[in-house]
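Reader: Hello! I am new to reading protein structures and would like a close look at just one part. Could you walk me through it slowly?

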Amino acid sequence: EKYNFAVGLNILHTAGIKGNTKVLVFNSGRGQYAYARGLISLCTGVDEGKLQNGQSLSDEEIEEVEETVSSLQFSNVSIVSAPNIYIEDICEEIERLQETERPDLVLIDNLSFLTARQQYADCREEHRKIAEKLWTLAKDTRIPIVLLGPLSKGRRKMNDYRPSAADLPAEGLLKFLLLL
């Protein structure tokens, strides 16, 4: 689970902070401030655990954190945190923005927590509907959407392991996206 978080942080840091690209993150699988703490840690080199637990920071670390927080406030990175996010919320959030306010990239973390408001007979049908909505959103807005999800822990321990869609809990959703 921390691997997809690291990928998300690196996308935010590289595209949103260094590249000055408008990135909108929908964070559904982590605590409300996880991405902010992670970005501060990545930018300053201060251990994230120290930031989270409120451990004593040196004067130099405090200064670095303050500078980073200030620069993050003026960055093009926006983070929406919700425990279980509905695909409809994501679509509505993006569609309500004026074209000039829309992000250049959408990052959704965590694919496992992405659901639809409507109840479906089974997961396959729900995954199909979610995939259709994501595909339509990306096509209509011309905004790339990056989906993150946890990999199977057992498979990661294999020699010469290469992750695939089969390792994601919402494998069906990815299959539908690839077919569209």
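How many bridges join strand β1 to strand β3, and in which direction do the two run?

Author: Happy to help! Keep in mind that this is a predicted model. Strand β1, residues 23-27, is joined by five bridges to strand β3, residues 105-109, and the two run parallel. To find one of these contacts by eye, start at V25, whose bridge partner in β3 is L107.

Now widen the view to the sheet around them. Four strands make up this open sheet, in the order β2-β1-β3-β4, with parallel pairing. At the edges stand β2 (77-81) and β4 (145-148); each has a single partner strand, so one side of each lacks a neighbour in the sheet. On average, neighbouring strands are turned by 15° against each other, ignoring direction.

Next, look at the helices that meet the sheet. Helix α2 lies across β1, β2, β3 and β4, and runs at about 145° to β2. Helix α5, residues 87-95, also packs on the sheet, where it touches β1 and β3, and its direction makes about 155° with that of β1.

Stay with α2 for a moment. Eight of its 11 residues are buried, so α2 is largely enclosed by the rest of the structure. Among the buried ones are L39, I40 and Y35.

That last residue leads to a nice detail: the structure holds one aromatic pair. F5 and Y35 meet edge-to-face, 4.9 Å centre to centre, with 65° between the planes. F5 lies in helix α1 (residues 2-18) and Y35 in α2 (residues 34-44), so the pair ties together parts 30 residues apart in sequence. Both F5 and Y35 are buried.

Conventions: Residues are numbered from 1 along each chain as its sequence is written. This is a predicted model: local features need pLDDT of at least 70, side-chain atom pairs count only at pLDDT 80 or more; totals for chains, interfaces and linings use all residues. Side-chain values use heavy atoms; hydrogens and water are left out. Rings of Phe, Tyr and Trp (its six-membered ring) pair if their centres lie within 6.5 Å; planes under 30 degrees apart count as stacked, over 60 as edge-to-face and the rest as tilted. Buried means under 20% relative accessible area, exposed over 50%, partly exposed in between (1.4 Å probe, protein chains only). Two strands pair if DSSP finds at least two bridges between them. Axes are lines fitted to C-alpha atoms, for helices over the stretch in contact, and angles run from 0 to 180 degrees between N-to-C directions. Contact means heavy atoms within 4.5 Å.
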